[in-house]
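User: I'd like a close look at a single part: the second largest pocket, and the elements around its walls. Which residues lie nearest its centre, and what supplies the lining?

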Amino acid sequence: MAWTAFDSAAMRRSLELAGRGAGHVEPNPMVGAVIAQGEAIVGEGWHARYGGPHAEVAALLAAGGSARGATLYVTLEPCCHHGKTPPCSDAIIAAGIARVVVAAGDPFAAVAGGGLRALRAAGLSVEIGLCESESLRLTAPYRKLVTEGRPWVIGKWAMTLDGRVATTEGDSRWISSETSRALVHELRGRVDAIVVGIGTVLADDPLLTPRPPGPRQPLRVVLDRSARLPLESGLVRSAAEVPLLVATGPEVPLERVRRLEAAGCEVWSSSDQDPGGRFLELLAELGRRRFTNLLVEGGPTVLGSLLDCDAIDEVWAFVAPKVIGGAAALGPVAGRGIAAIADAVAIDVEQVDHPGGDPLVRGLIKRSRGPVSRPRVGPPRS
């Protein structure tokens, strides 16, 4: 397909608009749309909130009568089913759009090519694939939820230049700069859940809340096989105001469970003895709750276990320009590890930035993720 420079610019603008929905639209995907007459943009829109108008409808409203005979650029295949809103394909056809350029298809079974077929059947010119890789990346968490029934997992850590996350005495406050920590709080405010291990809670007594609050109030999750979480911890004391889930293993003492539940915590128990297996069970449970993005803040034992079972999708690694040394000082990722360098987990680096002087490396875990047969978690695009 030969697209023009304007086609590409209009789709890039659509992708930029789509990003404005981050944290507001999940479990729906972020979607943006632009309507143009020739090379003049006459309408723009994005999916701004869950349950609200989709991007195509917002752009059509902005364009009004100028939409007739125009080109619609949209980052994801228009829906063709009734959810919380009517089908976007019907609205596009009714508005008199002549040409539709789509970045990528929608994997959700109720759409999955149906939107494109409906538009073509109505006589519209339909093209797909412009800026496809960018659209696939933007909607990766949504796609994982739809195809695997699990949320997207972001592993985050802050370490010194010599790869330590704490001193030999266990001191870790603060390795990263205030600016870096503010960026993490912003990330917290747009995910569905934040996960730490009981070791981190016992060492740091964190609250795990976004400050200032973001568009989402994440569920706080503590991986605590034996339900050791102290009732006097900040997490438990704030459980009445901010949801807290304690994920335990099998055969946890019943009296500890009852004590936590009486304090306002939700206790969820896995049947798996293996830490990695327990986390995969937890991911499936959170998928059933239609969680889209999950932030794991460590520590080394948790991150290592997740890496061992190939459960991390994205990495945020802050590298503070400090050296603390110490043979016994912990690194950010423990677990079984890799025996040969040739087998090391590779990261597809997407961004290297320097917030507050701390290089931030963001990237995706490289893997060949084949199709996974799992139950649908309900219509995520509504």
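Analyst: Helices and strands here are DSSP runs, numbered from the N terminus: H or I over at least four residues for a helix, E over at least two for a strand. Bear in mind that this is a predicted model, where local features need pLDDT of at least 70 and side-chain atom pairs pLDDT 80 or more, while totals for chains, interfaces and linings use all residues. Numbering runs from 1 along each chain as its sequence is written, and side-chain values use heavy atoms, with hydrogens and water left out.

On to the pocket. It has a volume of about 430 Å³, meaning the space filled by probe spheres set on grid points that are joined across faces, edges and corners. A pocket is an open set of points on a 1 Å grid over the protein atoms alone, where a 1.4 Å probe fits and protein lies on both sides within 12 Å along at least five of seven lines; lining residues have an atom within 4 Å of a point.

Here the lining comes to 23 residues, with M30, R137, L138, R190 and R362 nearest the centre. α5, α6, β6 and β12 (314–320) each chip in at least two of them, and α5 gives the most, with three. Sorted by class, there are eleven nonpolar, six polar and six charged residues (Ala, Val, Leu, Ile, Met, Phe, Trp, Tyr, Cys and Pro are nonpolar; Asp, Glu, Lys and Arg charged; the others, Gly among them, polar).

Of those contributors, α6 deserves a longer look. Eight of the nine residues in this helix (140–148) are buried, so α6 is largely enclosed by the rest of the structure. (Buried is under 20% relative accessible area, exposed over 50%, partly exposed in between, with a 1.4 Å probe and protein chains only.) The buried set isn't just greasy side chains: R143, K144 and E148 are in it, including alongside them A140, Y142 and L145. The cover over these residues includes α5 (132–138), β6 (152–160), α11 (275–288) and β11 (293–296). Right after the helix, G149 takes a positive phi of about 75 degrees.

Several of those covering elements turn up again around α12. In that helix (300–308), P300, V302, L303, G304, S305 and L306 are buried, and the packing partners are β6, β7 (193–197), β8 (219–223), α11 and β11. Just past α12, D310 also shows a positive phi, of about 60 degrees.

Now back to R362, one of the residues nearest the pocket centre. Q351 touches R362, along with L360 and V361, leaving out residues up to four places away in sequence; a touch is heavy atoms within 4.5 Å. Q351 sits in strand β13 (347–353) and is partly exposed, at 27% relative accessible area. The C-alpha atoms of Q351 and G363 are 6.7 Å apart, with their positions twelve residues apart along the chain.

Finally, some backbone geometry to check. E26 and P27 are joined by a cis peptide bond, omega about 15 degrees, and P27 lies in the loop between α1 (5–18) and β1 (32–37). A second cis bond links R211 to P212, omega about 0 degrees; P212 is in the loop between α8 (198–204) and β8. L208 is placed in the loop between α8 and β8 too, with a positive phi of about 60 degrees despite not being a glycine. At 3% relative accessibility, L208 is buried.
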